[in-house]
Amino acid sequence: MSQATRRGLDPLSIVGNDTARIDAVERVTGQARYTRDWKLPGMLYGKVLRSPHPHARIVRIDTSAAEALPGVQAVITYENARVVWGAGSVNGGRQYNDATKEATLHRRYIFNNPVRFVGDSVAAVAATDRHIAEQALSLIRVDYEELPFVLEPEEALADGAPQIWPEGNLAPDFRGNIEPMVSRRGDVESGFADADQVFEQRYDTGFIHNAQMEPRCSLASWEGDKLTLYTPSQGISNCRHDTARDLGLEDHQVRVITQYMGGGFGNKNQNQDADLVAATLSRRAGAPVMLEFSRREDWLGVHGRWPTVQNYRVGVKEDGTVTAVEMRAYSGMGPYRKNSGGISGLECYACPNTMRVISPVYTNRTTSGNFRAPSNPHGYFGIQSHMDEIAYQLDMDPVEFTLKNMRRPTEDEEFTSYSLDQCIETGAEQFNWSARRRVTPGSDEGPIKRGAGFSFMMFRAGLGTSSAIVRVDASQRYTLYVGVTDIGPGAKTTMGMIAAEALAVPLSQVEVVWGDTDRCPYSVGESGSRTTIMTGYAVVQAVADLKQKIADNGMPTGTDVLVGSATPAPDTDGKTRQCFGAHFVEVEVDTRIGTTRILKYTTVHESGRIINPTTARDQIRGATIQGIGQALHENLLYDQRNGQPLTPGYYRARHLTHLDVPDIEVTFIEVDDGYGPFGAKTAGESGIILAPAAVANAIANATGRRMTSLPITRDKILGAMA
Amino acid sequence: MRDKEKPSDCYRDPVVKYLDPRAQSRRDFLQGSGTAVVAGAAVSAVGLRGARAQEANPVARSTVTLSVNGTSHTVEVEDRWTLAELLRDQLNLTGTKIGCNRSECGACTVLMNGQPVYSCSQLAVWADGAEVQTVEGLAQNGRLSPLQQAFVDNNGPQCGFCTPGQLMSGTALLNSNPNPTVDEIKAAMVGNLCRCSNYNAIVEAVVAASEQGGVA
């Protein structure tokens, strides 16, 4: 049950062998130090006051009673702390940088007036203990003038909708133009003209909070003009640069330390407002400040996957050839454009005529942002549900329909390696697809019905550059400096394994130094599934540099050291580099009470060569389970009457527990794609992409009802069966 | 512990939500949307009462004596401190994590007199006279417990933030049932969430530890 099945490559000496994490003992003994575990002399505790209204103007704010409370050392509000949080709102939702900072039309500050969602930050205090800080918040008097609010993207674009920004509710693109995101290939109208049938359907998906176990926090400490931030960050280098930019400092004046962090899944990229609030409080109070968010604050004040509405039109010929795909969609961004609002999935089809129009829309819900594979799972749910439905309407097997229509290498597009067909065929065989699938959906007798669903995936490997430094001393100990943090996938161990393999020494001979911008070179950050391929590639090149120096100089003696380094710009000779996968799932739906149980879940992935099979397997299993939660449970519901969020927190979002999860079977098809470190490709995000579509298709196969809205909760199944 | 049998959808009913004591933490209620609902003029009245209370009534304190990982401590605590705060802030046992501070996630699970409890939802004063075991107390003489070793060998931690709580629930289970079935493991550990969703590996680790002879 536990080992991933592997096909294709033999392990190398270190790479490819199941390896325990190099920091596993720290993690199981409580010695691993997370941000909130730090304590500095004279440290104060910080807390943030948040808006209770979805949209309101602050008329007056009176902090005098809070300031008078014994133990309170600083109180900051929008009036006395106008700090831009650049990464909190970016034109086009792109990576925050110097250019986008200047261009951004709808700028976000650490405190805003008007406030634009329930949970928007209003003020913060620092006090000698957290209970006094909490009490001080209750002493801040805020007079609000409530403004009309809007929660749903389509309503926000209607005439007469409350305007969240002066330019309206359609979020600007990266140039500042207020237009939807449009991408076209071929000519959809001629594609529809060629079609024998056109299928239309609307799909919608919910807000999925990242819900990492460690709530957001940040410890800021100043020594003169140098700021040290202890913060859970998925990218210490970018966090440093963003923080310096926002506070008007030089990079070298900011040090970011992330020794251990309790997950992120995309909401700890770059810097966060907690870092800026802690830094500002600390500067005012003249003491280190530990800013802590409660779970509710984390849920409402950070971000989650954007909710979407997706309208599809697909044209097909009688033989099942897709001739045109059109999607017109809306992404609910909350009141700030923190990330793209993208919806992907169309690119997996070879159809020459596609058009995609996405409107990223401001609403008075909490902010949307990156969550593991930011644009993918909801988009794959939409398009692959629709294609699954079309296959059944045409009396075709969805696997056969996919093999006919999926994107493949062409004369114009070469892949570093391509194995999507192999993933699908291997999965279908292992799962016994032809036996588990109901040829006629919903055909089981009785109220408890079984069915099987399938989805497939191709996912781009991330971009960016990273650096690595490797040093050897006279005792032949190697020290690897990489600016990674380990958010869970095991990056430190992976980097160590890559270095040890390249050096041809045991892993125990390599010490990995990570998570500190004063000690480590630039790394692109733990986002976009790119640490292994980008920073890992830099490690390979740094070792090559060191080996050359050893060849030139001999091994160091006495107190000498030799140092190798590299900042490679990875290149794939114009080829497309993607990872691939296919998921097959069998469900049992009790149509009397609307419950869905997963009976069998088979995954097949190709991510190039697997560096550490143990941790790679658990990236796929964990991501898949997160995707099942997105399919069946998770959402952030709002009361339409008053704009209040109804389901923040683990109970109400109903995250999967030990009791809910099936065994996830994992098979890796391994290839050396010739470009990544030892041929590795990307893995971390890919598993979550397939699960919502696979589960939804299985429910449709079991019940005979196409479920078009995520999450597929009990009430929706009961409604569909009624 | 988390009661999975309760029909979860009832928590979505706005009325039930406010009746459900777990739906809001006491602190969130006091400082967050609780006061938020009456923000404006009413807040200042609440605020003034709060300020007067602070002057008139200094924070109540008590002295508690408890054993933590076999070491006896006598500590003066504020009555409002939780056991998690006592362990983390006063005794520097930061292995115990606070994920939600409201009995939802289980990251703060410790053993109190042998039973797994959410230390975020136990007041420190309630621990007077108790024997508490935390994740720091699992290894003996520098040797990992079989369950800890199984977590190392089976990739039990991903981000590791839920790991101490998972280990304590797993330890309590193996103490009372050295050879649990997979279903018994899942039932005993349902109160410990893992957002990395590394549930398969965690259960495999508990199975491996039980095959190695449990916690002893």
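This talk describes a predicted model with chains A and B, going from domains to cores and then to single strands and residues.

Good morning, colleagues. I begin with chain A and its division into domains. Domain 1 of chain A is assembled from three segments, 1–10, 406–462 and 574–722. Domain 2 covers 35–147 and 217–292, domain 3 covers 150–196 and 309–395, and domain 4 is the segment 465–566. Between the C-alpha centres of domain 3 and domain 4 of chain A the distance is 42 Å.

Let me turn to the nonpolar cores. The largest nonpolar core holds 199 residues. Those that touch the most other members are Ala468(A), Leu480(A), Val482(A), Ala499(A), Val539(A), Val695(A) and Ile699(A). Which helix gives the most to this core? That helix is H18 of chain A, residues 686–703, with 12 residues. A second core, separate from the largest one, has 59 residues, among them Val125(A), Ala126(A), Ile236(A) and Ala278(A).

Ala499(A) deserves a closer look. Beyond four places in sequence, Ala499(A) touches Val470(A), Tyr478(A), Leu480(A), Val510(A), Val539(A) and Val543(A). Of these contacts, Leu480(A) and Val539(A) were named a moment ago among the residues that touch the most other core members.

Why is helix H18(A) described as largely enclosed by the rest of the structure? The reason is that 18 of its 18 residues are buried. Just past the end of H18(A), Gly704(A) adopts a positive phi of about 75 degrees.

Helix H16 of chain A, residues 613–632, contains Ile628(A). Ile628(A) has 27 C-beta neighbours inside 10 Å, and therefore counts as buried. Once neighbours within four places in sequence are set aside, its contacts are Ile598(A), Leu656(A), Ala691(A) and Val695(A). Two of those partners, Ala691(A) and Val695(A), carry numbers within the range of H18(A), residues 686–703. Pro711(A) lies 83 residues away from Ile628(A) along the chain, yet their C-alpha atoms are 9.4 Å apart.

I now move to the strands of chain A. Strand S11, residues 226–230, runs parallel to strand S12(A), and four bridges join the two. One bridge pairs Tyr230(A) with Ile257(A) of S12(A). To get from S11(A) to S12(A), the chain passes through helix H7, residues 236–247, in a right-handed β-α-β crossover. In a regular strand, side chains alternate between the two faces of the sheet. Strand S12(A), residues 254–257, has Val254(A) and Val256(A) pointing one way, with Arg255(A) and Ile257(A) pointing the other way. Are these four residues buried or exposed? All are buried, Arg255(A) included.

A further strand, S15 of chain A, spans residues 308–316 and includes Val309(A). Val309(A) is buried because 21 other C-beta atoms lie within 10 Å, where the cut-off is 20 or more. Excluding residues up to four places away in sequence, Val309(A) touches Pro153(A), Glu154(A), Arg202(A), Asp204(A), Ala329(A) and Tyr330(A). With Glu154(A), the C-alpha to C-alpha distance is 8.5 Å, at a sequence separation of 155 residues.

Chain B comes next. Chain B has 216 residues, of which 50% count as buried. Its secondary structure consists of nine helices and five strands, in the order α-α-α-α-β-β-α-β-β-β-α-α-α-α from the N terminus. Where contacts link residues at least 6 apart in sequence, 59% of them join residues at least 24 apart.

The domains of chain B are domain 1 (8–56), domain 2 (60–136) and domain 3 (138–216). The centres of domain 2 and domain 3 of chain B, taken over C-alpha atoms, are separated by 21 Å. How many residues does each of the two bring to their contact? Domain 2 of chain B brings 15 residues and domain 3 of chain B brings 14 residues. On the domain 2 side, strands S3 (109–112) and S4 (115–118) of chain B each supply at least two residues. S3(B) gives the most to that side, with three residues. By class, the domain 2 side comprises seven nonpolar, seven polar and one charged residues.

My last item is a hairpin in chain B. Strands S1, residues 61–68, and S2, residues 71–78, pair in the antiparallel sense over eight bridges. Ser62(B) has Val77(B) in S2(B) as its bridge partner. Two residues lie between the strands of this hairpin, and Asn69(B) in the turn has a positive phi of about 50 degrees.

Thank you for your attention.

How values were computed: Residues are numbered from 1 along each chain as its sequence is written. Chains are lettered from A and ligands numbered from 1 in the order in which they are written. This is a predicted model: local features need pLDDT of at least 70, side-chain atom pairs count only at pLDDT 80 or more; totals for chains, interfaces and linings use all residues. A residue is buried if 20 or more other C-beta atoms lie within 10 Å of its own, exposed if 12 or fewer, and partly exposed in between; C-beta atoms are placed from the backbone. Two strands pair if DSSP finds at least two bridges between them. A crossover is right-handed if, with the strands pointing away from the viewer, the path from the first strand over the helix to the second runs clockwise. Domain bounds come from an automatic or database domain assignment. Two residues are in contact if their C-beta atoms, placed from the backbone, lie within 7 Å. Ala, Val, Leu, Ile, Met, Phe, Trp, Tyr, Cys and Pro count as nonpolar, Asp, Glu, Lys and Arg as charged, and the others, Gly among them, as polar. A nonpolar core is a set of buried Ala, Val, Leu, Ile, Met, Phe, Trp, Tyr and Cys residues joined through C-beta atoms within 7 Å.
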